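User: I'd like to go through this structure with you and ask how each label is earned. Shall we start with the strands?

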Amino acid sequence: MQPTRCLLKRSVWKGPHIVPLPIIRPAPGAIPKPIRTQARAATILPNFVGLKFQIYNGKIYHDITITEDMVGHKLGEFSPTRKPFIWTKGR
């Protein structure tokens, strides 16, 4: 497997930031359990496609299903850490 352009955002001599995650492929017909992780800096690899992750944002875990468009990005990009400020009118 050749690294794609997205995986080479870091310097070439460093390589992509890969975190060892417990990835187990479920048996056919079985419902896979999501992989719970706090590694927001981990790069999404092509073999993660179709897996479910629960990514920690500092308060709760967000359920994410990995698609082909997400390959090369970081896990933390899909788990927002801040809520938008919503102005409510006074009474």
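User: What makes β2 and β3 a pair of strands?

Analyst: Five bridges join β2 to β3, residues 61–65, and the two run antiparallel. Two strands pair if there are at least two bridges between them, so with five bridges β2 and β3 count as paired. They also form a hairpin, with four residues between them. In that turn, G58 has a positive phi of about 110 degrees. This is a predicted model, by the way, so please read every value as computed from it.

User: How do you know that β1 and β2 pair too?

Analyst: By the same kind of count: three bridges join β1 (residues 35–37) to β2 (residues 52–56). The cut-off is at least two bridges, so this is a pair as well. Here the strands run parallel. In total the protein has zero helices and three strands, in the order β-β-β from the N terminus on.

User: Which residues can I click on to follow the bridges?

Analyst: Try Q54, which sits in strand β2. Q54 is the bridge partner of R36, and in β3 the bridge partner of Q54 is D63. Another bridge to look up joins Y56 to Y61 in β3.

User: Why is Q54 called buried?

Analyst: Its relative accessibility is 14%. Buried means under 20%, so Q54 falls in that class. Q54 touches P34, I35, R36, T37, Y61, H62 and D63, leaving out residues up to four places away in sequence.

User: What makes the link between the side chains of Q54 and D63 a polar contact?

Analyst: The distance in this contact is 2.9 Å. The limit for a pair of N or O atoms is 3.5 Å, and 2.9 Å is within it. Q54 and D63 are thus joined through their side chains as well as by a bridge.

User: Why is I60 called partly exposed?

Analyst: I60 has a relative accessible area of 46%. Buried is under 20% and exposed over 50%, with partly exposed in between, so 46% puts I60 in the middle class. I60 is in the loop between β2 and β3. Its C-alpha atom is 9.5 Å from that of S79, which is 19 residues away along the chain.

User: And R40, why does that count as partly exposed?

Analyst: R40 comes out at 26% relative accessibility; that lies between 20% and 50%, so partly exposed is the right label. You will find R40 in the loop between β1 and β2. Its contacts beyond four places in sequence include I55, Y56, N57 and K74. A polar atom of the R40 side chain lies 3.3 Å from the backbone oxygen of Y56. S79 is also in contact with R40, and the C-alpha atoms of these two are separated by 8.3 Å, at 39 residues apart along the chain.

User: How do you know that the charged end of R36 sits over the ring of Y61?

Analyst: The charged end of R36 is 4.0 Å from the centre of the Y61 ring. The definition asks for a distance within 6 Å and a position within 35 degrees of the ring normal. The distance is within that limit, and the charge is listed as sitting over the ring.

User: How many aromatic pairs are there in the whole structure?

Analyst: A search finds three. In one of them, F48 and F53, the ring centres are 5.4 Å apart and the planes are at 50 degrees.

User: Why is the pair of F48 and F53 called tilted?

Analyst: Planes under 30 degrees apart count as stacked and over 60 as edge-to-face, the rest being tilted, so 50 degrees makes this pair tilted. Both of its residues are buried: F48 has 4% relative accessibility, and F53 has 0%. F85 and W87 form another tilted pair, at 6.2 Å centre to centre with 55 degrees between the planes. Those two residues, F85 and W87, are exposed.

User: What share of the 91 residues is buried?

Analyst: Buried residues make up 26% of them.

Terms used
Residues numbered from 1 in each chain as written. Predicted model: local features only at pLDDT ≥ 70, side-chain atom pairs only at ≥ 80, totals over all residues. Heavy atoms only, no water. Buried < 20%, exposed > 50% of the residue type's maximum accessible area, 1.4 Å probe, protein only. Polar contact = N/O pair within 3.5 Å; in protein donor to acceptor, adjacent residues only side chain to side chain. Contact = heavy atoms within 4.5 Å. Phe/Tyr/Trp six-rings, centres within 6.5 Å; stacked < 30°, edge-to-face > 60°.
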